[in-house]
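Let's take a stroll through this protein model, from its surface to its inside. Have a look at the structure first, then read on.

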Amino acid sequence: MNFSQMKLSTKLSAAFFVLIVLTMVVGTISVFKMAQIDRAVNEITHNWLPSVKYAAAMRDAANQIRRIEPSHIMSDTPEEFAAEDKRLEEAKARFAKAMEAYRQNMTEPEERAAFADFIKAKDAYFAIQVKLLEESRKGEAGSEAAQKIFQGESRKALDEMVGYIAKSV
């Protein structure tokens, strides 16, 4: 039977059937694509976003630690040293808390490898900080040495540590 010889009702029924089939195909494809989007959104909100938040908290605490160091170097009295030491310990506690939260949130092997590198850089920075604070506690006698450490190897170690934080997200 030729299409031009078909009844109008048959032509309309065929056209309606084709329209329904096309709508079903488009709908099915849309459902699958929406499922992919949903998986991606869940990955971002449940994995990456918390990681970014914890990494930002680590970086903030590292910057706070760094800002306390020159105040420690400029301190003169035992009371000032004690106050700066207390501030430093509080900032280190915030840093450790954020670092632990980030560690618990890691899911990818690449994150774990980068975190291991970060731990090495962190340990190096805090080892240099011990030397810096020892020189700082000597008062004026150690002030110049403390400043050299602060501006030299301490800065380099901090930059490396913060660089690993940035790479981790």
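Start with phenylalanine 17, which sits in helix H1. Keep in mind that this is a predicted model. Is phenylalanine 17 buried or exposed? With a relative accessible area of 56%, Phe17 counts as exposed, because the cut-off for that label is over 50%. Phe17 also has company out there: together with Val18, Val21, Leu22, Val25 and Ile29, Phe17 makes a nonpolar surface patch of about 550 Å².

Now hop over to lysine 122, which you'll find in helix H3. Lys122 has a relative accessibility of 13%, so this lysine counts as buried, given that buried means under 20%. Which residues does Lys122 touch, leaving aside those up to four places away in sequence? They are Phe95, Met99 and Met161.

Here are the two residues side by side:

| Residue | Helix | Relative accessible area | Label |
|---|---|---|---|
| Phe17 | H1 | 56% | exposed |
| Lys122 | H3 | 13% | buried |

Next comes the inside. The largest nonpolar core is made of 31 residues, and among those with the most contacts inside it are Phe95 and Met161, both of which Lys122 touches. Which helices chip in? H1 (8–74), H2 (78–105), H3 (109–137), H4 (140–151) and H5 (153–167) each supply at least two residues of this core. H3 gives the most, with eight residues.

Ile65 is another of the core residues with the most contacts inside it. Not counting residues up to four places away in sequence, Ile65 touches Leu88, Ala91, Lys92, Phe95, Tyr125, Phe126 and Gln129.

Note on methods: Residues are numbered from 1 along each chain as its sequence is written. This is a predicted model: local features need pLDDT of at least 70, side-chain atom pairs count only at pLDDT 80 or more; totals for chains, interfaces and linings use all residues. Side-chain values use heavy atoms; hydrogens and water are left out. A nonpolar core is a set of buried Ala, Val, Leu, Ile, Met, Phe, Trp, Tyr and Cys residues joined through side-chain atoms within 4.5 Å. Buried means under 20% relative accessible area, exposed over 50%, partly exposed in between (1.4 Å probe, protein chains only). Helices (H or I, at least four residues) and strands (E, at least two) are DSSP runs, numbered from the N terminus. Contact means heavy atoms within 4.5 Å. Patches are made of residues with over 30% relative accessible area and no salt bridge: like charges are joined within 9 Å, nonpolar side chains (Val, Leu, Ile, Met, Phe, Trp, Tyr) within 5 Å. Accessible areas come from the Shrake-Rupley method with a 1.4 Å probe; for residues, only the protein chains shown count as cover. A salt bridge is a side-chain nitrogen of Lys or Arg within 4 Å of a carboxyl oxygen of Asp or Glu.
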